[in-house]
Amino acid sequence: MARIADIDRIDITDILNKVAYILDSKEYGRMGEVFAADIQFSNPGRLTATGLDELKTAFENFPAPSLSHHITNLLLSGNEDGTVKALCKALSQRADKSMAAAEYTDVLKKTPMGWRIASRTIRPL
């Protein structure tokens, strides 16, 4: 496991938190601030997408997106290829006001614009 510099930990944590604000405000045009252009996104039974444009379109057309996203219990581990794996628990309030729990597994890569999520897999709990 490769060491992650403190500044990278801070930047990555900010990116992961920023996802919630972008989704909750439905500012899908800002997804490039957090997701890589070649994002692989998988939330089985709800939404899957390959690439940033497809992800934006999927969220724009999603019939009942969650209203509020929260992440917790974040663990980061560095990979020898320079990517970082992020594992966290997530809670979201759905449109019907029910709560859903999940585990997010993300792989982030550093781009010329900063850290971006290259893949996200959501496992419902």
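This is a short talk on the fold, the strand pairing and two unusual backbone angles in one protein chain.

Keep in mind that the model is predicted.

Start with the inventory. The protein has two helices and six strands. Along the sequence, the order is α-β-β-α-β-β-β-β. The radius of gyration is 14 Å, close to the 14 Å that the globule rule gives for 125 residues, so the protein is as compact as a globular protein of that length. Along the principal axes, the C-alpha atoms fill a box of roughly 40 × 30 × 20 Å.

Now burial and contacts. Of the 125 residues, 41% count as buried. Take the contacts with a separation of 6 or more. Residues 24 or more positions apart account for 44% of them.

Next, the surface. The accessible area is about 6,800 Å². Carbon and sulfur atoms hold 54% of that area. On charge, there are 16 positive and 16 negative. Their mean positions lie 4 Å apart.

On to the strands. Look at S1, residues 35–43. Which strand pairs with S1 in the parallel sense? That is S6, residues 114–124, and the pairing runs over four bridges. To find the register, go to Ser 42, which stands opposite Thr 121 in S6.

S1 also pairs with S2, residues 47–50. Here the sense is antiparallel, over four bridges. For the register on this side, use Phe 41, which stands opposite Ala 49 in S2. So S1 has a parallel pairing with S6 and an antiparallel pairing with S2.

S1 and S2 form a hairpin, with three residues between the strands. Gly 45 in this hairpin takes a positive phi near 85°.

That brings me to positive phi in residues that are not glycine. I have two to show you.

Take Lys 26. Its phi is near 60°, a positive value in a residue other than glycine. Where is Lys 26 found? In the loop between helix H1, residues 6–24, and S1. The relative accessible area of Lys 26 is 40%, so Lys 26 is partly exposed.

Now Asn 73. This residue is not a glycine either, and its positive phi is about 55°. Asn 73 lies in a strand, S3, residues 68–78. Is Asn 73 buried or exposed? Exposed, because its relative accessible area is 52%, and the cut-off for exposed is over 50%.

To close, go back to these two on the model: Lys 26 in its loop, and Asn 73 in S3.

Terms used: Residues numbered from 1 in each chain as written. Predicted model: local features only at pLDDT ≥ 70, side-chain atom pairs only at ≥ 80, totals over all residues. Heavy atoms only, no water. Pairing = 2+ DSSP bridges. Rg over C-alpha atoms; globule rule 2.2 N^0.38 Å. Buried < 20%, exposed > 50% of the residue type's maximum accessible area, 1.4 Å probe, protein only. Contact = heavy atoms within 4.5 Å. Areas by Shrake-Rupley, 256 points an atom, 1.4 Å probe, with all protein chains shown as cover. Lys, Arg positive; Asp, Glu negative; His and termini not counted. Charge placed at Lys NZ, Arg CZ, Asp CG, Glu CD.
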